[in-house]
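Dear colleague,

I am handing over a structure to you with this email, and my notes on it come after it. Please keep it open beside the text as you read.

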Amino acid sequence: RGGKGAMARALTPTGADPAVPASLTRRANPLRPRSHAMGMTLSSDAKASQGKRGERGKGAAAAAATVEAGDYFSEGDKRPIVLFDGVCNLCNGGVNLMLRVDRKSNLRFAALQSDAGKNLLERSGRDRDDISSIVLVEDDSSYIKSEAVLKIAKYVAMPFPVLASFFLPLPLFIRDGIYDTVADNRYSIFGKTDQCRLGDTASSASFQDRFIP
């Protein structure tokens with residue numbers, strides 16, 4: 001009997017209970033691949049879910065980036081925006097004049113060097129670091145150089161709209177030629193400031209809401 005028991009133990013798989021019939025042991029094994037396959041399915045579903053969440057996250061990040069970049073005409077304020085050189089004394093003097101004669105607050109302002117200015121330059125198809133010209137940005141169009149100046153004149157009080165009508169018939173190359181001559185020498189003639197203007201410089205800051213930082 002001792003020899004038969006030793007032989008039975010030798011034939012029994014390691015870790016198996018000799019009291020359990022071998023047929024039941026064999027039937028239990030096929031469940032393992034099924035369990036593994038189920039685990040793989042759950043893992044794939046989890047990955048797919050994570051992928052969808054990742055896509056939603058990317059979409060939200062893109063939307064946030066768009067807001068940060070600034071759609072400056074989307075909040076019901078369709079007023080044009082004047083982009084000016086924030087360190088140019090001549091340009092800052094022009095902005096002060098426009099604030100005084102724009103009695104209906106038709107215009108908003110942003111320095112070319114500001115974040116808003118760079119975003120609006122790009123929106124207008126210009127280089128983000130281009131400060132060579134004043135730019136008037138409207139909801140669906142933009143203007144530079146002499147065209148911008150004459151267009152701005154139409155938004156402010158008299159007599160500037162009338163004055164603009166006298167210069168408008170001049171050929172563009174003549175108007176822009178005059179503009180370029182002044183713009184190219186604006187620092188040497190009128191000087192520049194050490195700090196870029198991002199808002200109303202008056203002590204009352206009464207026009208601060210007209211500036212986009």
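To start with one residue, Lys 145 is found in helix α6, where helices (H or I, at least four residues) and strands (E, at least two) are DSSP runs numbered from the N terminus. The phi of Lys 145 is near 50 degrees, which is a positive value in a residue other than glycine.

Please note that this is a predicted model, in which local features need pLDDT of at least 70 and side-chain atom pairs count only at pLDDT 80 or more, while totals for chains, interfaces and linings use all residues. Residues are numbered from 1 along each chain as its sequence is written, and side-chain values use heavy atoms, with hydrogens and water left out.

The protein chain has nine helices and four strands, and along the sequence these follow the pattern α-α-α-β-α-β-α-β-β-α-α-α-α. Of its 213 residues, 26% are buried, a word that stands for under 20% relative accessible area, with exposed meaning over 50% and partly exposed the range in between (1.4 Å probe, protein chains only).

Next come the strands. In a regular strand the side chains alternate between the two faces of the sheet. In strand β1 (residues 81–84), Ile 81 and Leu 83 on one side and Val 82 and Phe 84 on the other are all buried, and both faces are thus covered. β1 and β2 run parallel and are joined by four bridges, and two strands are said to pair if DSSP finds at least two bridges between them. The chain passes from β1 through α4 to β2, and this β-α-β crossover is right-handed, in the sense that, with the strands pointing away from the viewer, the path from the first strand over the helix to the second runs clockwise. Within this pair, Ile 81 has Arg 108 of β2 as its bridge partner, and Phe 84 stands opposite Ala 111 in β2. From β2, Arg 108 and Ala 110 point one way while Phe 109 and Ala 111 point the other way, and all are buried. β1 is also joined to strand β3 (residues 135–137), here by three bridges and in an antiparallel way, and Val 135 in β3 is the bridge partner of Leu 83.

Several of these residues return in the interior. In soluble globular proteins, nonpolar side chains tend to be buried together. The largest nonpolar core, meaning a set of buried Ala, Val, Leu, Ile, Met, Phe, Trp, Tyr and Cys residues joined through side-chain atoms within 4.5 Å, has 17 residues, and those with the most contacts inside it are Val 82, Val 95, Met 98, Leu 107, Phe 109 and Ile 152. Two or more residues of this core come from each of β1, α4, β2, α6 and α8, and α4 gives the most, with four residues.

The largest pocket has a volume of about 920 Å³. A pocket here is found on a 1 Å grid over the protein atoms alone, as an open set of points where a 1.4 Å probe fits, with protein on both sides within 12 Å along at least five of seven lines, and lining residues have an atom within 4 Å of a point. Of the 31 residues that line this pocket, the closest to its centre are Ile 134, Ser 146, Val 149, Leu 150 and Tyr 179. The elements giving two or more residues to the lining are α4, α6, α7 and α8 (172–184), and α4 gives the most, with seven residues. Leu 150 has its place in helix α6 and counts as buried, at 11% relative accessibility. Its C-alpha lies 7.9 Å from that of Phe 167, although Leu 150 and Phe 167 are 17 residues apart in sequence.

A few backbone details remain. Most residues other than glycine have a negative phi, and most peptide bonds are trans. Ser 105, in the loop between α4 (89–101) and β2 (108–111), has a positive phi of about 55 degrees although it is not a glycine, and Ser 105 is partly exposed, with a relative accessible area of 28%. The peptide bond from Met 158 to Pro 159 is cis, with omega near 10 degrees, and Pro 159 is found in the loop between α6 (145–153) and α7 (160–167).

With best wishes

Note on methods
Points joined across faces, edges and corners; volume = space filled by probe spheres on them.
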